[in-house]
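Student: Hey, can you walk me through this one? I'd like to talk about rings, charges and sheets.

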Amino acid sequence: MLQQMRRLSKSWVSSIFLGVLALSFGVWGIADIFRGNTDTSVASVGGEKISADLFQRDYRNFLRGAGNQLGHDVTPEEAHAKGLDKQALQSELSRSAIDQVVAQLGLRAGDAQVSSAIRAQSAFRGPLGGFDRQTFLYRIQNAGFTEDSFVDLERHDIARNQLLVAVHDGFALPPGYSRLLFDYVNERRVANYVRVPREAAGKPPAPGDAELASYISLHSSEFSTPEYRDITYAVAGPQDVMNQVHVTDQELQQQYELRKDQYQVPEKRDVDQITFPDEASAKAARAKLDSGASFDQLAFQRHLKSSDISLGSVVEADLGKDRGPSTFALPSGGTTQPIKSAFGWVLLHVSKVTPGVNKSFADVKDQLRKDVMNQLATAKLTDVTNAFDDASAGGATLAQAAKRAGMRLVHVPAVDASGHAPDGSKADLPATPDFTAQLQKSEIGEEGDPFPSTDGNVYVIKINGVTPPKLRPLADVRAQAVSAWTADWDRQRLSALAQQLVQQATTDKGLSKVAAKLNVSVQSSGALARNSTAALPAELVQRLFNTQPGQIVSAPEPNGDGVLIAQVTAVAQPPNPQESPAFLQFSRNISNEAADDLDTTFAIAARARLGVTINQAQVARITGGS
């Protein structure tokens with residue numbers, strides 16, 4: 001868990017410091033041997049194996065955490081594209097390597113330390129604000145842990161953290177080095193610049209057929225038809241088997257009872273509570289509220305944070321007979337009078353009211369029937385898949401197997417990678433992304449296996465043939481070719497002109513003569529930072545910061561309408577002294593990032609010493625990668 005909480009990337013600044021050190025140990029992959037065999041473990045570090053079940057659990061939780069950060073569920077395809085599968089695996093390997101070093105050093109967390117750490121985690125707080133065992137069990141079971149396995153994980157995390165703190169605790173970069181980086185990051189530059197408009201390169205000539213044909217030949221991908229695939233797919237969905245499933249009123253009643261917690265939901269309220277040592281203190285606080293003070297102000301005056309006073313979202317029964325009735329009689333935003341409770345004298349404040357739900361069987365019967373019928377029909381698709389597999393294994397063609405299994409057959413004579421037919425219309429393909437992904441992976445002439453889709457259907461795809469890209473006739477693409485040829489001519493002539501003007505400005509040691517030649521004015525950029533993009537294009541700013549003062553550089557405008565030629569006229573470092581808050585904060589941040597990278601380097605060394613092997617077949621099976 002500790003390693004999974006590490007940031008997924010490090011600052012480029014700290015990378016400068018640790019780059020040479022990391023090279024001495026090698027890269028993450030050092031001594032990693034990718035292999036596939038009958039071993040069901042995902043990998044081994046030294047003599048310790050990482051089981052497939054453990055990695056599958058941790059990978060699922062890793063993606064869940066990534067999804068919370070991104071704001072949506074992460075699909076296997078997205079995880080692979082973003083490299084999350086590799087990050088999770090590397091984290092698992094490094095954690096195993098460090099744990100073995102911890103064991104060799106004899107470091108261990110005691111029971112009291114582990115218990116205290118678990119009880120302190122906010123995720124395990126109950127309605128009353130303290131550690132709640134039922135909440136704890138629910139949370140860890142939802143993450144795939146038993147109580148013993150989670151306690152063991154926490155014990156290893158604490159012991160591992162003891163070692164890592166010893167590795168990096170108190171680490172600080174030398175002040176001179178921090179100052180060098182601070183000055184580099186915060187450097188400001190001013191530049192003079194002139195704009196060379198596209199018209200300065202001259203009017204492009206009209207290209208002849210020979211020039212256009214040559215241009216089209218050199219850029220054939222831009223002027224060719226796309227590759228088209230002739231496909232046939234079989235499909236079956238819940239609606240195709242709905243007439244094969246039935247549900248009685250008695251079964252619906254049973255389903256209602258099973259889902260009763262969805263239909264009979266008590267009212268909930270988000271409640272804050274402040275506890276007072278005696279009745280007089282509680283009444284005095286209540287008087288402040290009556291005089292216009294807010295509940296948050298009361299908490300602030302008593303040095304309480306929001307986490308100290310929040311009871312979370314509770315039902316009336318959670319508050320007991322002493323506090324429940326009064327609290328649930330309040331409107332949203334209301335505060336109780338002082339209440340004598342088991343915790344002392346308290347004031348309770350309602351910040352949000354979530355109405356309850358009370359739906360009878362009659363209220364939900366029709367919708368419940370639809371839901372249950374759809375679930376039964378979806379489950380029935382397993383029989384369809386099995387029937388197709390049996391028929392296909394017996395030598396039936398796609399059409400024959402689909403007919404026996406009760407699947408519909410759809411033929412699409414031509415479709416490109418974007419899902420369009422040759423006439424530009426949308427082809428008769430499902431819109432679900434996993435169908436498109438399966439289509440791209442299918443081999444020509446081979447019948448694929450049935451696969452379920454997120455739209456609830458089951459599909460089988462066969463690619464009958466492929467029509468390769470074909471160069472379009474000049475007559476069909478003339479306008480497109482003329483436009484592209486002209487734009488290319490403009491770019492080349494403008495680039496050549498810019499090089500000539502840069503040479504002239506360099507000889508003149510300034511931009512004034514170039515500006516006069518172009519009949520334009522010399523402009524000033526104002527103070528530029530390394531990441532400035534408002535005044536000048538990013539490419540030009542980067543070149544200005546990569547050159548010496550007085551030098552002349554150029555870069556095209558992003559829209560292609562011209563070129564900018566610029567000269568660095570001033571360079572300034574920030575005036576902040578070594579004791580300034582800005583520099584001290586920067587120094588702390590950069591030192592912390594470098595310290596985090598020491599943990600990474602330590603793990604690299606441990607892995608290199610112990611040796612790592614990876615069962616790639618098992619990793620791919622779990623992550624869905626390749």
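Tutor: Sure, one definition to begin: a charge sits over a ring if NZ of Lys or CZ of Arg is within 6 Å of the ring centre and within 35 degrees of the ring normal. This is a predicted model, where local features need pLDDT of at least 70, side-chain atom pairs count only at pLDDT 80 or more, and totals for chains, interfaces and linings use all residues. Residues are numbered from 1 along each chain as its sequence is written, and side-chain values use heavy atoms, with hydrogens and water left out.

Student: OK, so which ring does the charged end of Arg179 sit over?

Tutor: That's the ring of Phe583, with the charged end 5.4 Å from the ring centre. Arg530 lies over the face of Tyr184, at 3.6 Å from the ring centre.

Student: And how many aromatic pairs are there?

Tutor: A search of the whole structure gives 16. Rings of Phe, Tyr and Trp (its six-membered ring) pair if their centres lie within 6.5 Å; planes under 30 degrees apart count as stacked, over 60 as edge-to-face and the rest as tilted. Take Phe131 and Phe136: the ring centres are 5.7 Å apart and the planes are at 50°, so this pair is tilted.

Student: Is Phe136 buried or exposed?

Tutor: Phe136 is buried, with a relative accessible area of 3%, while Phe131 is partly exposed at 27%. Buried means under 20% relative accessible area, exposed over 50%, and partly exposed in between (1.4 Å probe, protein chains only).

Student: Which residues do ring pairs link into a cluster?

Tutor: Phe124, Phe131, Phe136, Phe145 and Phe150.

Student: New topic: what order do the four strands of the open sheet come in?

Tutor: The order is β15-β4-β17-β16, with antiparallel pairing. Strands (E, at least two residues) and helices (H or I, at least four) are DSSP runs, numbered from the N terminus. Two strands pair if DSSP finds at least two bridges between them.

Student: Why is one side of β15 and of β16 left without a neighbour in the sheet?

Tutor: Because β15 (523–524) and β16 (552–556) stand at the edges, each has a single partner strand.

Student: How many bridges join β4 to β17?

Tutor: 10 bridges join β4 (residues 188–197) to β17 (residues 562–572), and the two run antiparallel. To pick out one residue, Arg189 has Val571 in β17 as its bridge partner.
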